[in-house]
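Student: Could we go through this structure together, beginning with the terms and then moving from part to part?
Tutor: Certainly; here it is.

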Amino acid sequence: MVSVAVLASHSALDVLDGAKDEGLRTVAVAKRGRERAYREFPVVDKLIVLEDYRDVLKAVDVLKAEEAVFVPNRSFAVYVGYDAIEREFPVPIFGNRFLLRWEERTGPQNYYRLLDEAGVRRPRTFRPDEVDRPVIVKMPEAERRVERGFFVARDRDDLYRKARRLADAGVIKLEDLERSSIEELVLGAHFNANYFYSVMRRRLELHSFDRRIQSNLDGVFRLPARDQLEVDPEVRYIEVGHEPATIRESLLEKVFDVGYRFVEAARRLVPPGVIGPFTLQFIVTPQLDLVVYDVAPRIGGGTNVYIGVGGQYSKLYFGKPISIGRRIAMEIREAAEQGRLSEVTT
């Protein structure tokens with residue numbers, strides 16, 4: 001029987017726990033100094049500790065010996081890199097490895113193009129000198145490139161003023177501004193919808209919703225308005241956790257609609273399209289429109305909130321709540337038993 005392997009970061013605990021629930025052997029590939037949780041929690045059958053995450057490319061022989069199916073997460077994409085994943089990692093990956101690079105906002109493969117192909121509403125985007133309304137500027141931090149140097153600006157002048165201030169403080173680099181993603185600021189309620197497209201059952205499943213907890217944005221939220229004005233904190237958008245959420249049932253029609261549209265668009269642009277989990281992050285406006293502002297074409301970062309509990313909507317498919325991690329393991333196990341692993345891996 002195959003084993004389930006994952007880079008030990010992001011949503012790995014959900015993947016590992018789900019694989020154990022399905023009776024599969026588990027392999028975690030960790031970076032030295034960040035492996036503590038994967039030693040403490042008894043859900044790892046084989047722990048591989050490397051000096052750097054990218055060294056997973058050197059662990060290919062071990063993964064092959066374990067008959068591993070590798071489950072990609074955001075850390076895998078960021079630290080190993082798309083080119084290496086597509087060309088230098090000869091281990092079966094659960095899902096479409098060529099879809100991972102479409103999570104970016106810039107370049108020829110980007111999620112704006114996916115959403116436009118799907119006919120899904122998204123925020124309008126601008127170049128810096130085109131800004132004529134409130135916007136959110138999405139760019140990396142100056143030093144920690146995987147973290148968010150995001151900021152909000154009310155117009156073009158405010159954008160340049162804040163960018164210079166953040167650059168002077170060492171938070172961002174001004175030269176990154178031209179390559180940043182500048183989106184109209186859409187106000188509303190934020191949700192992350194966690195879907196699963198099953199090749200084995202030929203259906204799209206909606207499993208759960210979650211919301212982000214971001215530092216220090218979360219702390220700023222907790223300050224009274226008077227204190228916010230007096231302190232004038234520099235707001236940061238560093239993702240540090242998630243919390244469960246539900247959405248009103250009358251909106252589920254639209255949630256399913258954008259999910260199906262995304263699956264069909266991915267199938268056209270990046271065949272074979274979506275396999276397994278993906279997350280669409282959207283805003284519900286006061287007019288009850290859904291505006292998708294971010295895409296994760298792999299397991300979402302918020303699925304850990306349902307470890308041991310299971311996504312609330314998953315019960316409606318299986319008669320019991322299951323986590324996305326377990327749903328992945330179910331798909332892998334069923335495919336292996338039926339000799340169809342090639343249909344759920346790339």
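Tutor: One definition is needed beforehand: helices are DSSP runs of H or I with at least four residues, and they are numbered from the N terminus. Please also note that this is a predicted model.

Student: Good. How far apart are Asp-257 and Arg-261 in helix 10?
Tutor: Asp-257 and Arg-261 are 4 residues apart in helix 10 (residues 252-269), and therefore about one helical turn separates them. The two form a salt bridge, with 3.0 Å between the closest N and O atoms.

Student: Is Asp-257 buried or exposed?
Tutor: Asp-257 is partly exposed, its relative accessible area being 38%. Arg-261 also counts as partly exposed, at 37% relative accessibility.

Student: Which residues are joined into one network by salt bridges that share partners?
Tutor: That network consists of Glu-22, Arg-326, Arg-333 and Glu-337.

Student: How many salt bridges does the structure hold?
Tutor: The structure holds 37 salt bridges. One of them pairs Glu-141 with Arg-236, where the closest N and O atoms are 2.5 Å apart.

Student: Where do Glu-141 and Arg-236 lie?
Tutor: Glu-141 is in the loop between strand 6 and strand 7, and Arg-236 is in the loop between helix 9 (225-231) and strand 11 (237-245), so the pair ties together parts that are 95 residues apart in sequence. Glu-141 counts as buried, at 4% relative accessibility, whereas Arg-236 is partly exposed at 24%.

Student: Switching to domains: what does the domain assignment give?
Tutor: The assignment gives domain 1 (3-95), domain 2 (111-121 + 188-338) and domain 3 (125-184).

Student: What separates the centres of domain 2 and domain 3?
Tutor: Taken over C-alpha atoms, the centres of domain 2 and domain 3 are 25 Å apart. In the contact between these domains, 12 residues of domain 2 meet 15 residues of domain 3. The area buried between domain 2 and domain 3 is about 1,100 Å², with 42% of it given by carbon and sulfur atoms. There are 2 salt bridges between the two domains.

Student: Now the sheets. What is the strand order of the open sheet with antiparallel pairing?
Tutor: That open sheet has 4 strands in the order 5-8-6-7. Strand 5 (125-126) and strand 7 (151-153) are at the edges with a single partner strand each, so one side of each has no neighbour in the sheet.

Student: How many bridges pair strand 6 and strand 7?
Tutor: Strand 6 (residues 135-138) and strand 7 pair over 3 bridges, in the antiparallel sense. Within that pairing, Ile-136 has Val-152 of strand 7 as its bridge partner. Helix 7 (residues 156-168) lies across strand 6, strand 7 and strand 8 (181-184), and runs at about 150° to strand 7.

Student: And the order of the open sheet with parallel pairing, what is that?
Tutor: The 4 strands of that sheet follow the order 3-2-1-4. The edges are strand 3 (46-50) and strand 4 (68-71), each having a single partner strand, so one side of each is left without a neighbour in the sheet. From one strand to the next, the twist averages 25°. Strand 2 (residues 25-31) is joined to strand 3 by 5 bridges, and Val-27 stands opposite Lys-46 in strand 3.

Student: Which strands does helix 1 lie across?
Tutor: Helix 1 (residues 12-21) lies across strand 1 (3-7), strand 2 and strand 4, at about 170° to strand 1. In helix 1, 7 of the 10 residues are buried, so the rest of the structure largely encloses this helix. Among the buried residues are Val-15, Leu-16 and Asp-17. The buried residues of helix 1 pack against strand 1, strand 2, helix 2 (36-40), strand 4 and helix 12 (324-337). Just after helix 1, Gly-23 takes a positive phi of about 75°.

Student: Last topic, strand 9. How many of its residues are buried?
Tutor: In strand 9 (residues 189-198), 8 of the 10 residues are buried, so the strand is largely enclosed by the rest of the structure. Strand 9 runs antiparallel to strand 12 (residues 276-284), joined by 9 bridges, and Phe-191 stands opposite Phe-282 in strand 12. Strand 9 also runs antiparallel to strand 10 (residues 203-216), with 7 bridges. In the hairpin of strand 9 and strand 10, 4 residues lie between the strands, and Arg-202 takes a positive phi near 55°.

Notes
Residues numbered from 1 in each chain as written. Predicted model: local features only at pLDDT ≥ 70, side-chain atom pairs only at ≥ 80, totals over all residues. Heavy atoms only, no water. Pairing = 2+ DSSP bridges. Helix = DSSP H or I, 4+ residues; strand = E, 2+ residues; numbered from the N terminus. Contact = heavy atoms within 4.5 Å. Axes fitted to C-alpha atoms, helices over the stretch in contact; angles between N-to-C directions. Buried < 20%, exposed > 50% of the residue type's maximum accessible area, 1.4 Å probe, protein only. Domains from an automatic or database assignment. Buried area = accessible area lost by both parts, 1.4 Å probe. Salt bridge = Lys/Arg side-chain N within 4 Å of Asp/Glu carboxyl O.
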